[in-house]
Amino acid sequence: MSTVGELACSYAVMILEDEGIAITADKIATLVKAAGVEIESYWPMLFAKMADKRNVTDLIMNVGAGGGGGAPVSAAAPAAAGGAAAAAPAAEEKKKEEVAEESDGDLGFGLFD
């Protein structure tokens, strides 16, 4: 039931934000009740606190943006350790592994021979 409560409160917050109405626990609870969804009493308060601390429009607009914090850090490490020279041997190893895998495919007999 918690998933339903989270979803109902999420929709209520989006409706209130879209209409330009202040997001409060009472208003979230009223919308959820009007929709006929039964939720735990703490959900509206949690979502109201979240909406108070965060810009809901920014959250909605950046939903697919992801954090992206890991990629630049890992990309910077090879650059500091030698840049392209460190990346080139890794690419050659990958090619060698692929060639080895392809040659294993033909063992001189077929499945239905």
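Buried means under 20% relative accessible area, exposed means over 50%, and partly exposed is anything in between, using a 1.4 Å probe and protein chains only. Keep that handy for the exercises below.

The model is predicted, so local features need pLDDT of at least 70 and side-chain atom pairs count only at pLDDT 80 or more, while totals for chains, interfaces and linings use all residues. Residues are numbered from 1 along each chain as its sequence is written, and side-chain values use heavy atoms, with hydrogens and water left out.

**Exercise 1. Get the overall layout**

Work out how many helices and strands the protein has, and what share of its residues count as buried.

Step 1. Helices (H or I, at least four residues) and strands (E, at least two) are DSSP runs, numbered from the N terminus. The tally is six helices and zero strands, giving the pattern α-α-α-α-α-α along the sequence.

Step 2. Of the 113 residues, 13% count as buried.

Step 3. Now look at contacts, meaning heavy atoms within 4.5 Å. Take those between residues at least 6 apart in sequence: 53% of them join residues at least 24 apart.

**Exercise 2. Dissect the core**

Find which elements give two or more residues to the largest nonpolar core, and which residues Phe 47 contacts.

Step 1. A nonpolar core is a set of buried Ala, Val, Leu, Ile, Met, Phe, Trp, Tyr and Cys residues joined through side-chain atoms within 4.5 Å. The largest one here has 13 residues, and those touching the most other members include Cys 9, Val 13, Ile 28 and Phe 47.

Step 2. Helix 1 (2-19), helix 2 (25-34) and helix 3 (43-53) each give two or more residues to this core. Helix 1 provides the largest share, five residues.

Step 3. Zoom in on Phe 47. Leaving aside neighbours within four places in sequence, Phe 47 is in contact with Glu 6, Cys 9, Ser 10, Val 13 and Ile 28.

**Exercise 3. Sort out the aromatic rings**

Describe the geometry of the Tyr 42 and Trp 43 pair, then say which residues form the aromatic cluster.

Step 1. Rings of Phe, Tyr and Trp (its six-membered ring) pair if their centres lie within 6.5 Å; planes under 30 degrees apart are stacked, over 60 edge-to-face, and the rest tilted. That rule gives two aromatic pairs.

Step 2. Tyr 42 and Trp 43 make a tilted pair, 5.1 Å centre to centre with 40 degrees between the planes. Tyr 42 is partly exposed at 38% relative accessible area, whereas Trp 43 is buried at 11%.

Step 3. Trp 43 and Phe 47 have ring centres 6.1 Å apart and planes at 55 degrees, so this pair is tilted. Both residues sit in helix 3, four residues apart, which puts about one helical turn between them.

Step 4. Put it together: Tyr 42, Trp 43 and Phe 47 form one aromatic cluster.

**Exercise 4. Check the outside of helix 1**

Decide whether Tyr 11 is buried, partly exposed or exposed, and do the same for Asp 18.

Step 1. Tyr 11 lies in helix 1. With a relative accessible area of 47%, Tyr 11 is partly exposed.

Step 2. Asp 18 is in helix 1 as well. Its relative accessible area of 64% makes Asp 18 exposed.

Step 3. Finish with a distance. Asp 18 and Thr 57 are 39 residues apart along the chain, and their C-alpha atoms are separated by 8.5 Å.
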